[in-house]
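Visitor: I have a structure open and would like to walk through it with you. Shall we take it one question at a time?

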Amino acid sequence: MLQNITCNHCEEPESVDHILFHCQYANEVWRYGPWNQSIDTTDASTFFEKLERSWNLTPLPPHGFTGNALPWICWAIWTSRNQRIFENRSQSPEETALKTIQALKAIQALKEWEIPQPPSLKIPKSLTTGQQHDPMVLDPSEIFCNTDASWSHTSKEVGLAWIFTNGSATEIFRGSIKQSAVSSPCMGEAQRREALLQAATNHYSIICIRTDSQVLAQAITSRRKTTELYGILSDIDELAFSSSSPFINCRFTYFSRANNGPPDGLAKACLVA
Ligand SMILES: [Zn+2]
């Protein structure tokens, strides 16, 4: 937007370098950086030069994470700037920095959690009920579902598509549906719900939903833990994981977008149809 090119904090001309490094606000955020030496925001080096140098900085131990915090702090400064301008919400530099460090700790915890866990001990069949199932054991009758969604910004409609395959990667069913009044952030939720409903209709009892959203796959898995702890069940969690679930076993895995061509095409075709 060229109508107003001044910084919302200090009214100096707003450039990328100004927002991220040279503004007094950014300066203060960097003071809370998790390193023993802070980023020099006064020199004239470019964003990329600072990024390159930042790889040599080591986070101090009490912050509890490894990796490079610079891009995340830049991102936090940028989003706090947008919140201030578009939502009229202001954050102090300290809040911006501390929230970033909290987020980094969460990412670190997630990474640790992702390190493959040893397979759980297999419970003898005689001790299990029909509803129990060891999620580590791949069942030959497991049905795989690839889903994708395509969203139209103008019509607020979403095309949802799913393709079911068996263990030998042979397609056994495909379908798609168009839904209206869906916001972009709710797309994944709608995608997951429809795929599960379709799987239940088809009487697939052992199901693996593949999603090309790594965030979604992780969110479902972590949400599942949360629901078990706090009993907050959405209809989808209920459908997938509760004792009244139509599935003997239901899991969600990440599937690379590069390999998700067929459902992607199906979802797009459904949206324009
Ligand atoms: Zn400024």
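Visitor: Leaving aside neighbours within four places in sequence, which residues is Arg-81 in contact with?
Guide: Happy to start there, bearing in mind that this is a predicted model. Arg-81 is found in helix 4, which spans residues 70-86. Once its neighbours within four places in sequence are set aside, the contacts of Arg-81 are Glu-14, Ile-19 and Phe-86.

Visitor: Is Arg-81 buried or exposed?
Guide: The cut-off for burial is under 20% relative accessible area. Arg-81 has a relative accessible area of 15%, so this residue counts as buried.

Visitor: Which protein atoms are the donors of the zinc ion?
Guide: The donor residues follow the spacing C-x2-C-x7-H-x4-C in sequence, so to speak a pattern of cysteines and a histidine. They lie 2.1 to 2.3 Å from the zinc ion, and the atoms are Cys-7 (SG), Cys-10 (SG), His-18 (NE2) and Cys-23 (SG).

Visitor: What arrangement do the 4 donor atoms make around the zinc ion?
Guide: Four donors count as tetrahedral if all angles lie between 85 and 135 degrees. For comparison, the ideal angle for four tetrahedral donors is 109.5 degrees. Here the 4 donor atoms subtend angles of 96 to 121°, so the arrangement is tetrahedral.

Visitor: Is Cys-10 buried, partly exposed or exposed?
Guide: Two other zinc donors make a useful background: Cys-7 is buried at a relative accessible area of 5%, and Cys-23 is buried at 3%. Cys-10 has a relative accessible area of 32%, so this donor is partly exposed.

Visitor: How many disulfides are there?
Guide: The rule asks for a pair of cysteine sulfur atoms within 2.5 Å. By this rule the count of disulfides is 0.

Visitor: Which strands stand at the edges of the open sheet?
Guide: The sheet has 5 strands in the order 3-2-1-4-5, with mixed pairing. An edge strand has a single partner strand, so one side of it is left without a neighbour in the sheet; here these are strand 3 (171-179) and strand 5 (249-254).

Visitor: In strand 4, what is the bridge partner of Ile-143?
Guide: Strand 1 (residues 143-151) pairs with strand 4 (residues 206-211) in the parallel sense, over 4 bridges. In strand 4, the partner of Ile-143 is Ile-207.

Visitor: Not counting residues up to four places away in sequence, which residues does Asp-264 touch?
Guide: Asp-264 is found in helix 9 (residues 261-272), a helix that lies across strands 1, 2 and 3. Asp-264 is buried, with a relative accessible area of 17%. Beyond its sequence neighbours up to four places away, Asp-264 touches Asp-148 and Arg-257.

Definitions and conventions:
Residues are numbered from 1 along each chain as its sequence is written. This is a predicted model: local features need pLDDT of at least 70, side-chain atom pairs count only at pLDDT 80 or more; totals for chains, interfaces and linings use all residues. Side-chain values use heavy atoms; hydrogens and water are left out. Helices (H or I, at least four residues) and strands (E, at least two) are DSSP runs, numbered from the N terminus. Buried means under 20% relative accessible area, exposed over 50%, partly exposed in between (1.4 Å probe, protein chains only). Contact means heavy atoms within 4.5 Å. Donors are N, O and S atoms within 2.8 Å of the metal (3.2 Å for Na, K and Ca); water is not among the atoms, so sites may look incomplete. Four donors count as tetrahedral if all angles lie between 85 and 135 degrees; four count as square planar and six as octahedral if opposite donors are over 155 degrees apart and all others between 65 and 115; anything else is irregular. Two strands pair if DSSP finds at least two bridges between them. Axes are lines fitted to C-alpha atoms, for helices over the stretch in contact, and angles run from 0 to 180 degrees between N-to-C directions.
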